[in-house]
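Trainee: I'd like a close look at one part of this model, the long helix in the middle and whatever packs on it. Could you walk me through that?

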Amino acid sequence: MAAGETTAPPATTATVEAGLDALDSAPAGPARTPVRQILRERVLPPVVAAVLVLLAWQAAYEAELKPDYLLPSPADVWRALSDQWYEGTLFSTVWTSTQRGALGFAAAVVLGTALGLLLGAVRSLRVGIGPVLSGLQSLPSVAWVPAAVVWFGLTDATIYAVVLLGAVPSIANGLLAGVDQVPPLYLRAGRVLGATGTARLRHILLPAALPGYLAGLKQGWAFSWRSLMAAELIASSPELGLGLGQLLENARSYQDMALVLATIGEILVIGIAVDLLIFAPLERRVLRARGLAGVRG
């Protein structure tokens, strides 16, 4: 050995144990983000974007790019919302559509999860039905409305049928994608530990497939909400009650563009609220449980 060179001391059991103790004593998760940082990084950017959109909208209105009956100002749209508030129809229309969307999505979750598990367990069924399921996912849900009206008439069954046909394929495909990404080592370890049947499904397969399944649920909600609006737009009837889709169609028939844009805004706000209040926290929780909390904001 050359002069001046030193050799690292050999690792001993004590040093290894000390390193493991240091890892165990490390904090379990990242420090809590300050409120000011949350406001600056998560709240301020969408607020600024919304203000810029409103300013551009107002500028287009002032420039008279379209007549005011075709392109109302933001103030006109706000007045349309205020009129709904004072007439007592704002919450009733929102509640009608939101209730339908929630019930339809819940049924789609049950059916899509069962279908995904079945196709994941039976290879021959997946080979036969998998391509059809992918095709159904790419089929616009509005295409099902005429057929559903013929089958069920102008009833709630028509609306729920369209919602299910739009959402179930996305949920099933998301679960299948998650199952395909489960490491085989997890399944073999579970088999060695005696996890079979429902125990294997509950404690190994579903937790490991959760990221893909959650992505499928998120997409399934988007498809169910879009399908609901398409069904309410076309299958409108006084017996069905006034939902956002039917309100949008009524406003179009009266050529009330302020109400049209106000209703579109309500539909958009509900979609964003569901994503921010339900799916975003679930996604953060899953990432945090897997040590990936710092990967995404």
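**Helix H4 and its partners**

Mentor: Let's start where H4 meets helix H5 (residues 123–138): the two pack at an angle of about 130°, and their axes are 6 Å apart. Keep in mind that this is a predicted model. An angle of that size is neither over 145 degrees nor within 65 to 115, so H4 and H5 count as oblique to each other. On the H4 side, the contact is built from Leu115, Leu118, Leu119 and Ala121, and H5 answers with Arg123, Leu125, Arg126, Ile129 and Leu133. Sort those by class and you get seven nonpolar residues, two charged ones and no polar ones.

Now go to the other contact. H4 spans residues 90–121, and helix H10 (residues 210–234) packs against H4 at about 135°, with 9 Å between the axes. That pair is therefore oblique as well, and the crossing is right-handed. H4 brings Ser97, Thr98, Arg100, Gly101, Ala102, Phe105, Val109 and Thr113 to this contact, while H10 brings Tyr213, Leu217, Gly220, Trp221, Ser224, Trp225, Leu228, Met229 and Glu232. The class mix here is nine nonpolar, six polar and two charged.

Pick out Trp225 from that H10 list. Setting aside neighbours within four places in sequence, Trp225 touches Ser97 and Thr98, and also Leu244, Ile267, Ile270 and Gly271. Ser97 and Thr98 are H4 residues of the contact with H10. As for the others, helix H11 covers 244–253 and helix H12 covers 257–289, so you can place Leu244, Ile267, Ile270 and Gly271 by number.

Trp225 turns up again in the largest nonpolar core, a set of 37 residues in which Trp225, Leu244 and Phe279 have the most contacts. H4 and H10 each give two or more residues to this core, as do helix H6 (144–152), helix H7 (156–180), H11 and H12. In soluble globular proteins, nonpolar side chains tend to be buried together.

To set all this in the whole chain: there are 12 helices and zero strands, and 32% of the 297 residues count as buried. Among contacts with a separation of 6 or more, 70% join residues 24 or more positions apart.

Definitions and conventions:
Residues numbered from 1 in each chain as written. Predicted model: local features only at pLDDT ≥ 70, side-chain atom pairs only at ≥ 80, totals over all residues. Heavy atoms only, no water. Axes fitted to C-alpha atoms, helices over the stretch in contact; angles between N-to-C directions. Helix = DSSP H or I, 4+ residues; strand = E, 2+ residues; numbered from the N terminus. Parallel < 35°, antiparallel > 145°, perpendicular 65-115°, else oblique. Left-handed = near helix turned anticlockwise from the far one by under 90°. Contact = heavy atoms within 4.5 Å. Nonpolar A, V, L, I, M, F, W, Y, C, P; charged D, E, K, R; others polar. Core = buried A, V, L, I, M, F, W, Y, C linked by side-chain atoms within 4.5 Å. Buried < 20%, exposed > 50% of the residue type's maximum accessible area, 1.4 Å probe, protein only.
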